[in-house]
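Please describe this two-chain model, with attention to confidence, the interface and some of the helices.

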Amino acid sequence: MTRLEELSGRYFIHCVIACTVLAALLRIYGLSDMPPLFDEIGTARDAFDYMDHGHLGRVMWQHPKLRSILVYEGLTVFGLNVWGLRFFSLVFSVMSIPLISLVSRKITGSSLAALLSAFLLCVDTVHIDFSRQAIQEVYMPFFVLSGILLVLAYRSTHKTLLLPLAGLFFGLGMAGKWYASFPLPVLALVLLLDAFQARGVSFRVRLNESIFIILSLCFLPFVIYLLTYFPWFYHRGYGLDEWFATQRIMYAENLVHQGFNRKIVEMQDHNQLLWFIRPVAFVDFMLAEGRPIVLIGMTNPFIWIPTIPAFFYLLYQAVFSKDWNKLLLPSLLLITYLPFAVAQRQVSVNSSLAVAPAVFMLVSQAAVILMGKTRRWNIAVAGWLILVILCAIPLYLLATGKGHDTILHHIIDFYRPMDE
Amino acid sequence: MNKSVMNIVLVLICTAAVLLMHRAGLSARSEVESSLLSTGRLTVVVAERTTDLVRIWQERQVQGRTLVHLGRFLHFVENTDASSIRMNTRDVLRAGGLTHLTASSVTYRNFLRAAFERNMIRQKYHVFSPQDFKERFLSDTPDESSKTIVDHEYGSRSFYSNRFPDTSEPVLLNVDASYFHASDVESFLGIVRASSLKVDIVTFCLAEDSPDVSENERIKLHQALVRLGPRIHVIHYGRTAAAGISR
């Protein structure tokens, strides 16, 4: 164990707390000065329409309804202001920091990799950008990481209630965006393999275990997802057959959806095949106090571009050392990214938050393995981390709308619609 | 906890949740006693204006129903009032959802949307006369008798056809005078006799507030009502009606 690894283990909790506090500060700074975006206004309307009348809404009606429920509760409990509007986005995004550290440590066994994952998520400007909006994107890392953590905890302790609890979190994640379900097949497969390979256990016990896994990770998430449609059933008088019909309509729309506002659509980087090749961005525009505010959530190239080499490096490590646990992170990356890669329509980078936790954990694990090799690799990884931080600073200004009056306005102009 | 026991608990919880959701939805629907459209004794409310229909359904506390609407038009124009769309943040956060039509803004152009947004109707079947159906959907299909077009409004289905739907659920039925733009009384009576629909609240609408409906169409509506025979009990509703509807 290296000295750094040892220190990371000893001061793990302290570092996680520090990272969480830093994440909170980065996400809260200047938030009250940022008026609601066009999407957020629609979100608030939809939230009242859904909870008070059961209507799926006009803005993003084709998405599941957890956002409407939570925005409604936030506005009701914390007041009709931007804090009430964005409360749950902030909470989930900040809580994702300790979660990713715990999940990473469970998977990799390395406190250093865990802290590095947490730091990468802390400074990721796409995550920061959406943490400051009443949009459901940042719910995903929270619910998915919670679910993964509970599944891993169940795997090591076999405490019965942990797995249904994981199903609950995945169900809530799916009620935010369907892609929260993507890791479920991998996790279920890992547990089923464990069950079938268990020695000294009768067939009946293995069968019970398998049924338990399928019920907890397949049926229970589905039921939780269904329950979030209670306002729709109760206010509108629909039955279960109509719910399935509506889900098919939503699915058909999601296959082709390109956004509702042509001008906003023109400003986006839509090609999901570029996520690991160059920086891609999600752009929001609004007018406040007579001046334009442009929010650009852009991926950090020093994190995303090394992802593919890190992926193959870990595959090599897994095969070379026959440590099949090293396949878990590459598998998670694959299962969360492949559906986007093969999607018939182009996908905006906001959906990269489905993939981001796997990216950060995978890159961190690869970096830590390399650091353990030679001193030269130590220096290389340290240099890489400095580049990540240096890149994150201007990206942070862009994500918080502070770049317009700086040299960064050249980047902002790059995303201006063609006819303006 | 024993896994077998936990499995049983999970199955019971999941099944109960699914059934409860279904029951919650069905129990939200208002229903009164229904009759077969083809042969049953019916109470028909004759409304003078399309906007009367929203009031009639409101008075009957209609909720979560399926509507079968016979007519030439959709009456589903979306509210594009600028003040509704270009609201500022304060207004949105203060007033909550503002997508619902107020009583004053319901017209012949959007009364079905008003009923939809107020959760009186959850889905609708538009039945056009064969000629109107062909004109509206410009179908090249040789045989259009079996064609039903399914659309949706923010996830809620609407069905467009030239025949009655085949559904076992009791429905609201509204016959608009505009149906007789390209149809006659005999054809209308024919589809009524052949129908297996169960209906509870039946309305015939003269559409006097619609400039697109002619007097001839209203006369045909009256004739159709008379031809339905003594099994029909008629109530008039509107400005010139002697009394409102009975409960």
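## Confidence, interface and two helices

Chain B has a mean pLDDT of 86, with 82% of the residues scoring at least 70, where pLDDT is the predictor's confidence in each residue, from 0 to 100. This is a predicted model in which local features need pLDDT of at least 70 and side-chain atom pairs count only at pLDDT 80 or more, while totals for chains, interfaces and linings use all residues. Residues are numbered from 1 along each chain as its sequence is written, chains are lettered from A and ligands numbered from 1 in the order in which they are written, and side-chain values use heavy atoms, with hydrogens and water left out.

Over residues 242–247 of chain B the pLDDT stays under 50, and the model has 13 contacts for them beyond four places in sequence, a contact being heavy atoms within 4.5 Å. Where pLDDT is low, the predicted coordinates should not be read in detail. For chain A the average pLDDT is 90, and 96% of the residues score at least 70. For the complex, the predictor gives an ipTM of 0.89 and a pTM of 0.91.

The contact between the chains draws on 46 residues from chain A and 44 residues from chain B. Together the two chains bury about 4000 Å², of which 63% lies on carbon and sulfur atoms; buried area is the accessible area (1.4 Å probe) that two parts lose on being put together, summed over both. Of the area that chain A buries against chain B, A:Arg45, A:Arg58 and A:Arg236 supply 18%, more than any other three residues. There are 3 salt bridges between chain A and chain B, each defined by a side-chain nitrogen of Lys or Arg within 4 Å of a carboxyl oxygen of Asp or Glu. One salt bridge joins the side chains of B:Arg29 and A:Glu242 at 3.2 Å, N to O.

Two helices of chain A are set out below; helices (H or I, at least four residues) are DSSP runs, numbered from the N terminus, and the expected span is 1.5 Å times one less than the number of residues.

| Helix | Residues | Expected span | End C-alpha distance |
|---|---|---|---|
| H17(A) | 328–341 | 20 Å | 20 Å |
| H19(A) | 375–399 | 36 Å | 35 Å |

In H19(A) a kink of about 30 degrees lies at A:Ile393, shortly before the proline A:Pro394, the bend being the angle between axes fitted to the seven residues ending there and the seven starting there. Buried residues of H19(A) (under 20% relative accessible area, 1.4 Å probe, protein chains only) include A:Trp384, A:Cys391 and A:Tyr396. The buried residues of H17(A), among them A:Leu328, A:Tyr337 and A:Phe340, pack against helices of chain A including H5 (82–108) and H18 (356–371).

Key:
Buried means under 20% relative accessible area, exposed over 50%, partly exposed in between (1.4 Å probe, protein chains only).
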